[in-house]
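Colleague: Before I use this model at the bench, I would like to go through the terms in its description and ask what each of them rests on. Could you take me through them?

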Amino acid sequence: MNMVLMALEALPRGGEIAVSIEASGIVVSATGTGARIEEPNLAAILDGADVGTITPRTVQSYFTSQVVRAAGGALDVETPGEDTVLFKASIPL
């Protein structure tokens, strides 16, 4: 539930949120348009490295990745377009 609320807050310019329960676990994905995530911030979100690069705009994504990993899951972030970001969190059941 918290991940869905954070996704809503992260998509002020519009986007799409999908929640599904699959055989392997729970999947929450959010696709948003707007400002792009810079590479140092993206690396910190995905790897937990160099947290000094986290900005107020990306802090929720960073902590979401930490929670998902602690639950044994994974967070994937893709940038399919110049101003589009796709977050996908998968948590095993």
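Colleague: How many bridges join strand β2 and β4, and in which sense do they pair?

Modeller: This is a predicted model, and in it strand β2, residues 25–33, pairs with β4 in the antiparallel sense over 9 bridges. Two strands are called paired if at least two bridges are found between them, so with 9 bridges β2 and β4 meet that condition. Among the bridge partners, glycine 25 is matched with proline 92 in β4, and isoleucine 26 with isoleucine 91 in β4.

Colleague: What makes β1 and β2 a pair, and what lies between them?

Modeller: β1 and β2 pair in the antiparallel sense over 8 bridges, and since the condition is at least two bridges, they count as paired. One of the bridges has serine 20 with valine 27 of β2 as its partner. The two strands form a hairpin, with 2 residues between them.

Colleague: How do you know that strand β3 is joined to strand β4?

Modeller: Strand β3 covers residues 74–81 and strand β4 residues 84–92, and 6 bridges join them in an antiparallel arrangement; the condition for pairing is at least two bridges, so β3 and β4 are a pair as well. Including two of the matches, alanine 74 has serine 90 of β4 as its bridge partner, while leucine 75 has alanine 89 of β4. A hairpin with 2 residues leads from β3 to β4.

Colleague: Why is the sheet called open, and which strands stand at its edges?

Modeller: The 4 strands form an open sheet in the order β1-β2-β4-β3, with antiparallel pairing. β1, which spans residues 15–22, and β3 each have a single partner strand and stand at the edges, so one side of each is left without a neighbour in the sheet. Neighbouring strands of this sheet are turned against each other by 15° on average, with direction ignored.

Colleague: Where does the sheet fit into the order of elements along the chain?

Modeller: From the N terminus on, the elements run α-β-β-α-α-β-β, and the secondary structure comes to 3 helices and 4 strands.

Colleague: What makes you say that β1 is hardly covered?

Modeller: The count of buried residues among the 8 residues of β1 is 0, where buried means under 20% relative accessible area. Valine 19 lies in this strand, and its relative accessible area is 52%; because the cut-off for exposed is over 50%, valine 19 is called exposed. Val19 also takes part in a nonpolar surface patch of about 430 Å², made together with Ile21, Ile26 and Leu93.

Colleague: Why is alanine 23 called exposed, and where does it lie?

Modeller: Alanine 23 lies in the loop between β1 and β2, and its relative accessible area is 86%, which is set against a cut-off of over 50%, so the residue is called exposed. Alanine 23 and proline 92 are 69 residues apart in sequence, and their C-alpha atoms are 8.8 Å apart in space.

Colleague: Why does serine 65 count as buried, and which residues does it touch?

Modeller: Serine 65 has its place in helix α3, residues 59–70, and its relative accessibility is 0%; buried means under 20%, so serine 65 falls into that class. Leaving aside residues up to four places away in sequence, serine 65 touches Ile45 and Leu75, where touching means heavy atoms within 4.5 Å.

Colleague: How do you know whether aspartate 47 is buried or exposed?

Modeller: Aspartate 47 lies in helix α2, which covers residues 39–47, and has a relative accessible area of 60%; because exposed means over 50%, aspartate 47 is exposed. The C-alpha atoms of aspartate 47 and tyrosine 62, which are 15 residues apart along the chain, are separated by 9.2 Å.

Colleague: What do the totals say about burial, surface and contacts in the protein?

Modeller: Buried residues make up 32% of the 93 residues, and the accessible surface comes to about 5,700 Å², of which 58% belongs to carbon and sulfur atoms. Among contacts between residues at least 6 apart in sequence, 40% join residues at least 24 apart.

Conventions: Residues numbered from 1 in each chain as written. Predicted model: local features only at pLDDT ≥ 70, side-chain atom pairs only at ≥ 80, totals over all residues. Heavy atoms only, no water. Axes fitted to C-alpha atoms, helices over the stretch in contact; angles between N-to-C directions. Patch = residues over 30% accessible without salt bridge, like charges linked within 9 Å, V, L, I, M, F, W, Y side chains within 5 Å. Areas by Shrake-Rupley, 256 points an atom, 1.4 Å probe, with all protein chains shown as cover. Salt bridge = Lys/Arg side-chain N within 4 Å of Asp/Glu carboxyl O. Buried < 20%, exposed > 50% of the residue type's maximum accessible area, 1.4 Å probe, protein only.
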